[in-house]
Amino acid sequence: MSIATVNPTTGKILKTFEPLTDSEIETKLALADKTFKKYRKTTMAQRSRWLNNTADILEEDYCKFAKLITLEMGKPIKEAMDEIKKCALVCRFYAENASEFLKDIPVVTEANRSFIRYQPLGIILAVMPWNFPFWQVFRFAAPTLMAGNVCILKHASNVPQCALAIEIIFNSAKLPEGAFQTFLISAPQVEAVMTDKRIKAGTLTGSEPAGISFLSTAGKNIKKTVLELGGSDPFIILDSANIEAAATTAVTARMHNNGQSCIAAKRFILVKSVAERFERLLVKKFQTLKMGDPMLEEIDIGPLATPKILQDIDKQVQETVTKGAKILVGGQPDRDRVGNFYPPTILKNIPVDSPGYSDEFFGPVALLFQVADLDEAIELANSTTFGLGASGWTNNPMEQEQLVEELEAGCVFINGLVKSDPRLPFGGIKRSGYGRELGIQGIQEFVNVKTIWIK
Ligand code: NAP
């Protein structure tokens, strides 16, 4: 796929870009390498100033950057504005806390002095997806830069203007030239870059096939990686839950970002006693959502990011319905509009042998399941290959503890929706990936944990 801005609302190609040539890549890698040698010696206080400058720029110009996001991938403009503000937040969070997170840790041994020191690794390659085109990058870059590494970004091919804008932001914040560079390259060019000796580690957020390909290149070259892959998060509602609150949150949990979020609630698992009421409420709430031009502030649902995503979700819904699922609302692409519009959809009675039971639905489709009790709910929740997030709704402390203990997921939220937060680690288990971003764990992924022993 070529590198281009294609407006998902109109289908129009707005701008195309040539991928970097091998010699352009070499020049940029050489710059990153040269910059790292000096950058690693800068103080935490200096790096904090650069990150706070970055946050200032994001906050001042958040409308401009938000428009770029919505133009390239179609999320509602109000969500794009929130995304930019959250990027500023993560810069400030690490600017303030990195020195504490990475300070020397004394350990008592028979030596006169022994301790752990965290040191940067070098150039880190980030391969990022289009769905949160700023947030995914900043949640990686803020801790990585504060740890003294330098960053190279290979962004998704449909958000090149976001990718270039992010490089400009870091340069305008006065980070040394080469500390953060965007490489406009295609997916097949990633292997050669990751293999280059000057790249010390990498992270990929995206689909399972991309993760496998990236990981095998990293493995062949013995390089550390973090993988943030797909999910099919359960949203479990039990007897004692506040059903109205659960239904209101369910709409955001499923519809945020036009349904294209790795941690979206995708499978709604309901005990019998609450199923009918929750279903009724959810249908009503889905029917009131406004779909349309995502540049308008009153719009809740914009187009899907690409025609391929629209085709994929349509195919998954049709196959699930053919196998026996029932459509409660939506269920067909909006063919009267130009652009990649798919309406809010709810399916129930999902057959075990259908895509709805096992696959990730990366669009505005809620899948409803009914179970007898908590044990059955947990069994169903854990029955997929994914393990990213999970949300459980109950006011019974014993049930809360069982959910926390038994759900196979990187994070469990009780009576709330799964969301990322700079203060808390974020990541998955099973085929949703490994490693953590954010929190103290996030900044300790790309460092040398150096043991020091002095007699
Ligand atoms: P994708 O196709 O895997 O693309 C993600 C990135 O990987 C893009 O930059 C893409 O470049 C690149 N890429 C694709 N194939 C590659 C390969 N063989 N080698 C190296 N790089 C490659 O992902 P997507 O379909 O756009 O994104 C949706 C998926 O990402 C969903 O499964 C979603 O759940 C997951 N996701 C996970 C998280 C998380 O934090 N766990 C967050 C967001 C999304 P091109 O664009 O040039 O192909």
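Is N382 buried or exposed? Keep in mind that what you're looking at is a predicted model. In that model, N382 has 14% relative accessibility, and because anything under 20% counts as buried, N382 is buried. You'll find N382 in the loop that runs between helix 13 (374-381) and strand 15 (389-393). Its side chain has a partner, too: the side chain of N382 reaches the backbone oxygen of E406 at 3.0 Å.

Now let's turn to the ligand. There are 28 residues around the ligand, and the ones that come nearest are W130, S157, S207, L229 and E360. Two of those names come back when you look at individual atoms. For W130, an N or O atom in the side chain sits 2.5 Å from an oxygen atom of the ligand. For L229, the backbone does the work instead: one of its N or O atoms lies 2.7 Å from a nitrogen atom of the ligand. M128 also joins in through its backbone, with a polar atom 2.8 Å from an oxygen atom of the ligand. How much of the ligand does the protein cover? On its own the ligand has 900 Å² of accessible area, and the protein covers 83% of that.

Which elements give two or more residues to the shell around the ligand? They are helix 5 (135-146), strand 8 (199-205) and helix 8 (208-220). Sorted by class, the shell has 14 nonpolar residues, 10 polar ones and four charged ones. Both domains take part: domain 1 (3-228 + 430-454) and domain 2 (233-414) each supply at least three residues to the shell around the ligand.

Next, the interior. As a rule, nonpolar side chains in soluble globular proteins tend to be buried together. Here, the largest nonpolar core has 149 residues. If you want a place to start looking, try L58, F134, F138, I237 and F278, which have the most contacts inside this core. Helix 4 (residues 77-101) is the biggest giver, with 13 residues in the core. Where does the core lie with respect to the two domains? Domain 1 (3-228 + 430-454) and domain 2 (233-414) both contribute residues, so the core lies between them.

A couple of backbone angles deserve a look as well. Most residues other than glycine have a negative phi. K430 goes the other way, with a positive phi near 50°. K430 lies in the loop between strand 16 (411-414) and strand 17 (433-434), and at 35% relative accessibility it counts as partly exposed. L438 has a positive phi too, near 65°, and it isn't a glycine either. Look for L438 in the loop between strand 17 and helix 15 (439-443). How accessible is L438? Its relative accessibility is 0%, so L438 counts as buried.

Finally, let's check a few pairs of residues to see how distance along the chain relates to distance in space. I269 lies in strand 11 (residues 265-271) and is buried, with a relative accessible area of 0%. I269 and L368 are 99 residues apart in sequence, yet their C-alpha atoms are 6.2 Å apart in space. D293 belongs to the loop between helix 10 (272-287) and helix 11 (307-322), and it is partly exposed at 34% relative accessibility. Along the chain, D293 is 285 residues from P8, while the C-alpha atoms of the two are separated by 9.8 Å.

Two other pairs round out the picture. T5 is found in strand 1 (residues 3-6), and with a relative accessible area of 0% it is buried. From T5 to V137 is 132 residues along the chain and 18 Å between C-alpha atoms. P397 is found in helix 14 (residues 397-406). Is P397 buried or exposed? At 60% relative accessibility, P397 counts as exposed, because the cut-off for that is over 50%. P397 and A165 are 232 residues apart along the chain, and their C-alpha atoms are separated by 47 Å.

Conventions
Residues are numbered from 1 along each chain as its sequence is written. This is a predicted model: local features need pLDDT of at least 70, side-chain atom pairs count only at pLDDT 80 or more; totals for chains, interfaces and linings use all residues. Side-chain values use heavy atoms; hydrogens and water are left out. A residue is near a molecule or strand if one of its heavy atoms lies within 4 Å of it. A polar contact is a pair of N or O atoms within 3.5 Å; within protein, one must be able to donate a hydrogen and the other to accept it, and residues adjacent in sequence count only if both atoms are side-chain atoms. Accessible areas come from the Shrake-Rupley method with a 1.4 Å probe; for residues, only the protein chains shown count as cover. Helices (H or I, at least four residues) and strands (E, at least two) are DSSP runs, numbered from the N terminus. Ala, Val, Leu, Ile, Met, Phe, Trp, Tyr, Cys and Pro count as nonpolar, Asp, Glu, Lys and Arg as charged, and the others, Gly among them, as polar. Domain bounds come from an automatic or database domain assignment. A nonpolar core is a set of buried Ala, Val, Leu, Ile, Met, Phe, Trp, Tyr and Cys residues joined through side-chain atoms within 4.5 Å. Buried means under 20% relative accessible area, exposed over 50%, partly exposed in between (1.4 Å probe, protein chains only).
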